[in-house]
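This report goes through the two protein chains shown below, beginning with their overall make-up and ending with individual strands and loop residues.

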Amino acid sequence: MIYRTNEYLGYPDRISVPAGETVKFQLSSKRDKVNVEVLRLRCGDVDAAGPGFKYEVMESGVDGVHACLDQEIRPGSCAVIEHGGALVPSGAAWSFGAYVWPTLIADNAKAIMGNWCAATERGYALEIDAEGYPVLVLGAARFALKVKVAARVWSFVSATLDPVRKTATLSLIVPADSTVPTMAHAETFALSGDPALDSGLDFLIAAQHLDEAARYTAHFDGKIEAPRVFSRALDAEMLRVFDWQPRTGATTAGLVAFWDFSDGITGLSVKDISPNCLNGRLHQLPRRGVTGFFWSGAVHDFRLAPKEYAAIHFHSDDIYDCQWQTTLMLDVPDGWRTGVYSLRLTPVGDTPEPDCESYVTFFVTPGKKTKRADLVVVLSVATYLAYANSALRLYQVHFETLMEHVLWLPMDDVFMQEHPEIGQSTYDCHVDGSGRCYSSWLRPVLSTRPRGYWFNLINDTHILDWLEEKGIAYDVITDVELDREGSRALKPYRAMMTPTHPEYYSFNMMNGIMEYQNAGGRHISMGGNGFYWRCGFHPAAPEALEVRRGMAGTRTWESAPGEVHLAGTGEPGSLWRHSGFAPQKLVGAGFSAMINDTCGYYLRQPDSEDPRAAFIFEGTGRREKFGDFGFRYNGAVGSEIDRLDYELGTPRHALLLATSEGLGAGALPTPEEFRTMVDGLDGTQNALVRADMVFFETPNGGAVFASGSITFGMSLGYNNYDNNISAITLNVVKRFLDPEPFAMPALA
Amino acid sequence: MDHTSDPNAMRYVIDPERLDLVAEFRKSPLGVHSPELRAMLARMRWGKAQGRLVLVVLEAGKAWRLSRIPERRGDPMPFVDERIFTSLAAAEWHVFKIRWQAMTGVTLPPEYQGDL
């Protein structure tokens with residue numbers, strides 16, 4: 001059966017909900033009714049060759065039919081300023097302008113600033129038209145310069161209205177850049193009639209009003225800096241270079257507004273530093289902390305020179321919050337087990353449509369009355385968000401060569417191609433070619449659903465399936481709790497488990513786990529390429545993850561020069577390895593390579609015979625191949641793999657239990673693993689291209705086990721859960737749940 | 001532009017005389033290949049995404065159908081034909097033949113034209 005998985009779309013207001021609390025769901029469909037069930041997923045993988053799609057239908061208060069609205073997604077960021085008429089042109093003259101650095105000149109007009117409304121043709125605006133010509137819009141009239149702006153070149157676009165002389169002057173100044181000297185162009189137009197300049201609506205920067213219902217259009221792609229408005233006539237160059245810095249006891253004649261985007265970069269407000277205080281708010285999370293017109297390159301951290309970061313990069317496809325109306329509220333009973341949950345959404349009607357089902361995934365975490373298990377699985381929401389709606393398979397030049405087969409696209413990818421408004425992942429680029437820094441859960445996320453793409457969450461459910469099969473009691477929390485609560489989120493548990501690919505980790509998550517491990521906690525790191533990117537949830541938009549791609553690391557785009565710091569927290573993005581906290585320091589192994597062809601397996605190393613580690617291999621042979629099998633990938637060493645490195649922080653007493661064999665030419669190192677290109681970098685020759693299985697004890701009786709491979713977890717269920725990967729994992733879990741303290745060896 | 005993003009970053013020129021590589025690929029479309037065949041496949045698989053043939057998963061692990069990445073985001077993405085593949089290797093071989101014809105301008109000999 002071929003499933004239709006997008007007849008209904010939706011998202012929760014909170015990604016994890018403690019038992020006993022409430023979660024709101026926002027749903028949308030062309031159909032006016034929806035049938036709702038709640039599933040607790042044991043294994044979300046529908047692949048015919050996998051462990052099977054396994055779930056429990058939970059009885060809940062939202063079961064049954066609900067009315068459903070067809071709700072719109074309107075991407076595109078801008079700044080919104082409520083002004084009470086203060087920004088409607090009045091008096092003898094009106095001048096306004098801003099620096100712009102457009103990144104996409106195409107398709108439709110791109111708004112710079114104004115209050116103009118397309119539906120009523122009232123108001124005024126500066127914009128750049130579809131061919132790049134600056135345009136002044138006054139009511140129903142449009143006036144264009146005959147000179148274009150250039151993409152990715154700073155320009156100053158401005159206009160002055162003179163109602164007495166009935167003229168308007170439109171200007172473009174392009175300050176000197178590279179080999180091109182300063183250029184200035186201006187044209188004065190005669191005005192006929194009395195244009196309607198008061199739309200009665202908010203003043204917008206980087207967008208226009210589509211109608212009077214707070215729907216926006218003509219979103220600007222690119223940077224805008226220092227928009228300003230005067231209630232008097234000013235020559236364009238005077239308007240550009242006036243003394244805008246506020247001085248004590250001094251005012252600037254006629255200044256109505258000057259928005260200084262360098263003020264409050266970590267927030268979502270925009271500040272007017274004129275005496276009128278026409279402050280505004282940002283809509284749909286544009287990118288701050290970006291280099292501005294005055295960037296010197298002297299520093300790369302906006303906190304050290306905010307005036308050099310006085311621009312905001314707006315995108316016509318920014319999307320943070322769909323702002324849909326709530327369809328239903330689920331009161332999660334106190335007694336529900338923690339875990340991965342999904343709403344299953346199906347049509348209502350007399351004619352059965354068994355091929356039509358959609359899902360909205362969320363997580364139930366321990367509530368006040370939950371009796372805690374000894375083991376907690378920390379699911380990787382930050383990583384799920386980083387990959388949310390990944391369009392790598394649709395748009396990346398290198399991706400088929402990387403995967404080494406014709407790309408396989410689930411039907412959800414076809415939907416994403418046809419509906420780009422749902423927004424893509426932090427692996428993708430905006431329509432203007434710049435990388436996406438933000439990904440939020442306040443929009444439909446297709447890649448965390450059964451019947452969707454399997455990487456990350458669906459793969460992680462193979463581990464939950466195995467825990468259920470082995471009868472091991474566990475709780476589920478997410479790394480969002482770890483981010484918000486730090487090590488307190490882990491404290492109730494004797495052991496924690498991280499799943500197949502916990503790649504994106506914030507400062508609180510990293511230090512929270514380190515604190516837990518050092519306080520005697522046990523950590524079973526089941527995956528590969530974990531604890532890799534330094535990222536953060538945006539403090540002012542806490543449902544959004546922020547990622548900046550540095551100058552190294554496996555990455556599909558690269559931050560522009562000077563833009564590696566996270567706008568939300570100010571800390572440097574990029575790899576944890578480049579912040580002095582490589583994954584090896586946390587779990588003993590860190591990212592070494594990607595496996596693009598055939599997977600490998602492990603062979604035991606001499607350390608596996610150390611009495612400290614003897615419990616791990618009980619019941620297995622010394623010369624066995626470990627994991628030369630598995631679902632989907634056909635091997636426990638695959639996809640992305642990690643290696644031990646004492647220089648990068650692996651504890652000196654760590655034991656190298658096993659290492660990989662069988663990797664070939666399609667096993668290639670991550671870029672930070674080599675400094676010079678030489679022959680012999682691939683897995684056939686490069687000894688650093690390997691997966692290492694590692695164990696070490698921590699202070700106060702704790703311990704860490706790391707598998708070093710993403711596909712390790714997909715081998716657990718092979719042969720009806722009877723295999724040597726399952727056996728050693730069970731040995732680790734049992735010992736890690738035993739209260740008997742581990743003894744850290746004396747360090748030399 | 002960097003190598004990962006440049007659609008023209010692969011230099012390999014496919015030699016239409018190298019039917020030995022065609023034979024090697026047909027023998028095991030998803031297997032481990034010789035360095036020469038790997039280079040040719042890397043070239044065949046590289047390039048701008050728009051227009052690229054892809055397999056849409058109709059049923060996970062069971063059924064796939066050919067489609068093509070459209071020119072613009074937001075455009076419809078129809079299937080290119082009626083054929084439903086039940087083997088990834090068969091689909092891989094089918095796409096290989098299409099690309100061979102398109103990239104070399106040379107029709108494969110009859111003994112290579114059939115299905116896997």
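Helices, of at least four residues, and strands, of at least two, are taken as DSSP runs and numbered from the N terminus. On that basis chain B, which like the rest of this model is predicted, holds three helices and three strands. Read from the N terminus, the order of the elements in chain B is α-α-β-β-β-α. Chain B has a radius of gyration of 15 Å, close to the 13 Å that the globule rule gives for 116 residues, so chain B is as compact as a globular protein of that length. The C-alpha trace of chain B extends over about 40 × 40 × 25 Å along its principal axes.

Chain A has a secondary structure of 11 helices and 44 strands. The radius of gyration of chain A is 28 Å, close to the 27 Å that the globule rule gives for 748 residues, and chain A is therefore as compact as a globular protein of that length. Measured out along the principal axes, the box filled by the C-alpha atoms of chain A is roughly 95 × 65 × 50 Å.

The table sets out further values for each chain.

| Property | Chain A | Chain B |
|---|---|---|
| Residues that count as buried | 64% of 748 residues | 39% of 116 residues |
| Contacts between residues at least 6 apart in sequence that join residues at least 24 apart | 73% | 45% |
| Exposed area | about 26,100 Å² | about 6,100 Å² |
| Part of the exposed area supplied by carbon and sulfur atoms | 51% | 52% |
| Positive and negative side chains | 65 positive, 91 negative | 17 positive, 15 negative |
| Distance between the centres of the two charge sets | 3 Å | 4 Å |

**Strands 13, 14 and 15 of chain A**

Within chain A, strand 14 covers residues 167-174, and seven of its eight residues are buried, so strand 14 is largely enclosed by the rest of the structure. Strand 14 pairs with strand 13 (residues 155-162) of chain A in the antiparallel sense, over seven bridges, and in this pairing V157(A) stands opposite L172(A) of strand 14. The two strands form a hairpin with four residues between them, and K166(A), which lies in the turn, has a positive phi of about 55°. Strand 14 of chain A is also joined by eight bridges to strand 15 (residues 183-190) of chain A, and these two strands run antiparallel. Here A168(A) is placed opposite F189(A) in strand 15.

**Strands 28 and 31 of chain A**

A parallel pairing is found between strand 28 (residues 375-379) of chain A and strand 31 of chain A, which are joined by four bridges. In this pairing L379(A) has T478(A) of strand 31 as its bridge partner. Strand 31 (residues 475-478) is covered on both faces, since D475(A) and I477(A) on one side and V476(A) and T478(A) on the other are all buried.

**Loop residues of chain A**

Which residues other than glycine have a positive phi in the loops described here? One of them is Q284(A), with phi near 65°, and Q284(A) is found in the loop between strand 22 (280-283) and strand 23 (287-290) of chain A. Buried means a relative accessible area under 20%, and Q284(A), at 6% relative accessibility, therefore counts as buried. Another is S574(A), whose phi is near 75° and whose place is in the loop between strand 37 (541-546) and helix 9 (583-587) of chain A. With a relative accessible area of 8%, S574(A) is buried.

A third loop residue, D628(A), lies between strand 39 (601-604) and strand 40 (640-644) of chain A. D628(A) has a relative accessible area of 41% and is partly exposed. When residues up to four places away in sequence are not counted, D628(A) touches Y601(A) and N634(A). From C-alpha to C-alpha, D628(A) and D479(A) are 31 Å apart in space, and in sequence they are 149 residues apart.

Methods. Residues numbered from 1 in each chain as written. Chains lettered and ligands numbered in written order. Predicted model: local features only at pLDDT ≥ 70, side-chain atom pairs only at ≥ 80, totals over all residues. Heavy atoms only, no water. Rg over C-alpha atoms; globule rule 2.2 N^0.38 Å. Buried < 20%, exposed > 50% of the residue type's maximum accessible area, 1.4 Å probe, protein only. Contact = heavy atoms within 4.5 Å. Areas by Shrake-Rupley, 256 points an atom, 1.4 Å probe, with all protein chains shown as cover. Lys, Arg positive; Asp, Glu negative; His and termini not counted. Charge placed at Lys NZ, Arg CZ, Asp CG, Glu CD. Pairing = 2+ DSSP bridges.
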